[in-house]
2 protein chains.
Amino acid sequence: MAMPSFMDAALEQARTAAAAGEVPVGCVIVRDGKVVARAGNRTVRDSDPTAHAELVAIRQAATALGSERLTECDLYVTLEPCAMCAGAVAFARIRRLYFGAYDPKGGAVENGVRFFSSPSCHHRPEIYGGIGEREASALLKHFFAARR
Amino acid sequence: MAMPSFMDAALEQARTAAAAGEVPVGCVIVRDGKVVARAGNRTVRDSDPTAHAELVAIRQAATALGSERLTECDLYVTLEPCAMCAGAVAFARIRRLYFGAYDPKGGAVENGVRFFSSPSCHHRPEIYGGIGEREASALLKHFFAARR
């Protein structure tokens, strides 16, 4: 599976989340060319403020691999991670971070606190933003427009 | 139970974590004068990089209260929260944050990215640092000294 396909898999998780009434953000984690975790936002379903797609996927991958260090793993997420999720990406030692839409309001990678550029961040993945941005962004816009 | 006693309960969780080989940080969440969640770090035991004391306690409290919003809840933690945990505190709408030791290396409240002062932070609790600092700090120092 080529790289864009992994973002497609993340977008699929975002669509599933939207159908369940969740903010449409999806994530997959890949190791050795295989998806080891996939998740959408679950904050409403789980009554869990920490259940962002990235956090759920990181926990899933760590369980699957039996390790709190996800070295050699790449994370694909449809929206720029927030500070909570960026922190989790660093603790998990994710190798590469691919994200879709930029998030000027709540993002913490290219926006906000730019966590990975802070001296208090102890692991910085390779970062690629704007991958699949158009569709990720359209999903979010459609979701919030429908809620007004 | 008076306020310092809640930090004592958090310190107790930190000691239990240390005994299990975890970095000694503990947390309790209080609502209406009652502890609704208590946890220590569990990253090693759970093979979960997100299992910091605060995150575990927030998830526990959200489950107990059946809501992703922990309004009216106060969080006591023995160490200054990192970016991941500070983000979770904001999403959970914690009312007051009391923390023990300051963490110049990994903290994100008074150190590092100072998350709650960022425009991308959408909820800022009342913050009280240095509560029970001496004991919280001694626990951490002793733990890391014993590991060398």
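A residue is called exposed here when its relative accessible area is over 50%, buried when that area is under 20%, and partly exposed in between. With that scale in hand, the tour can begin, keeping in mind that the model is predicted.

**First stop: a residue on chain B**

Select B:Lys34, which lies in strand 2 of chain B, residues 34-40. Because its relative accessible area is 60%, and exposed means over 50%, B:Lys34 counts as exposed. Now add B:Phe6 to the selection: B:Lys34 and B:Phe6 stand 28 residues apart in sequence, while their C-alpha atoms are 9.3 Å apart in space.

Staying on chain B, move to B:Ala9, which is found in helix 1, residues 3-19. Is B:Ala9 buried or exposed? Its relative accessibility is 13%, so B:Ala9 counts as buried. If you draw a distance from the C-alpha of B:Ala9 to that of B:Ser117, which is 108 residues away along the chain, the viewer should give a separation of 28 Å.

**Second stop: chain A as a whole**

Show chain A as a cartoon and colour it from the N terminus onward. Four helices and five strands make up its list of elements, and they follow one another in the order α-β-β-α-β-α-β-β-α. The radius of gyration of chain A is 14 Å, close to the 15 Å that the globule rule gives for 148 residues, so the chain is as compact as a globular protein of that length. Along the principal axes, the C-alpha trace spans about 40 × 30 × 30 Å.

Of the 148 residues in chain A, 53% are buried. Among contacts in chain A with a separation of 6 or more, 57% are between residues 24 or more positions apart. Switch to a surface view and you are looking at about 6,400 Å² of accessible surface for chain A, 49% of which belongs to carbon and sulfur atoms. Colouring by charge picks out 18 positive and 16 negative side chains in chain A, and the centres of these two sets lie 1 Å apart.

**Third stop: the cysteines**

How many disulfides does a search of the whole structure find? Over all chains, the search finds zero. Select A:Cys27 next, which takes part in no disulfide, the nearest cysteine sulfur being that of A:Cys85 at 8.3 Å. A:Cys27 has 0% relative accessibility, and so it counts as buried.

Then select A:Cys73, whose closest cysteine sulfur is in A:Cys27, 11 Å away; a disulfide needs the two sulfur atoms within 2.5 Å, so this pair is too far apart for a bond. A:Cys73 is likewise buried, with a relative accessibility of 0%.

**Fourth stop: two loops with positive phi**

Go to the loop between strand 1 (26-31) and strand 2 of chain A, where A:Asp32 is found. Although A:Asp32 is not a glycine, its phi is positive, at about 50°. Its relative accessibility of 66% places A:Asp32 among the exposed residues.

From there, turn to the loop of chain A that lies between helix 2 and strand 3 (73-79), and pick out A:Glu72. A:Glu72 is a residue other than glycine, yet its phi is positive and near 70°. At 43% relative accessibility, A:Glu72 counts as partly exposed.

**Fifth stop: A:Arg42 and its contacts**

Select A:Arg42 in the loop that runs between strand 2 (34-40) and helix 2 (53-65) of chain A. With a relative accessibility of 28%, A:Arg42 is partly exposed. Which residues should be shown beside A:Arg42 as its contacts, once neighbours within four places in sequence are left aside? They are A:Glu22, A:Ser47, A:Ala51 and A:Val56. A distance drawn from the C-alpha of A:Arg42 to that of A:Gly26, 16 residues away in sequence, comes to 10.0 Å.

**Last stop: A:Val89**

Finish on helix 3 of chain A, residues 83-91, and select A:Val89. A:Val89 is buried, at 0% relative accessibility. Setting aside neighbours within four places in sequence, show the residues in contact with A:Val89, which are A:Ile58, A:Leu75, A:Ile94, A:Phe116, A:His123 and A:Pro125. For a last distance, take the C-alpha atoms of A:Val89 and A:Gly132, which are 43 residues apart along the chain and separated by 20 Å.

Methods
Residues are numbered from 1 along each chain as its sequence is written. Chains are lettered from A and ligands numbered from 1 in the order in which they are written. This is a predicted model: local features need pLDDT of at least 70, side-chain atom pairs count only at pLDDT 80 or more; totals for chains, interfaces and linings use all residues. Side-chain values use heavy atoms; hydrogens and water are left out. The radius of gyration is taken over C-alpha atoms; the globule rule is 2.2 Å times the number of residues to the power 0.38. Buried means under 20% relative accessible area, exposed over 50%, partly exposed in between (1.4 Å probe, protein chains only). Contact means heavy atoms within 4.5 Å. Accessible areas come from the Shrake-Rupley method with a 1.4 Å probe; for residues, only the protein chains shown count as cover. Lys and Arg count as positive and Asp and Glu as negative; His and the chain ends are not counted. The place of a charge is taken as NZ of Lys, CZ of Arg, CG of Asp or CD of Glu.
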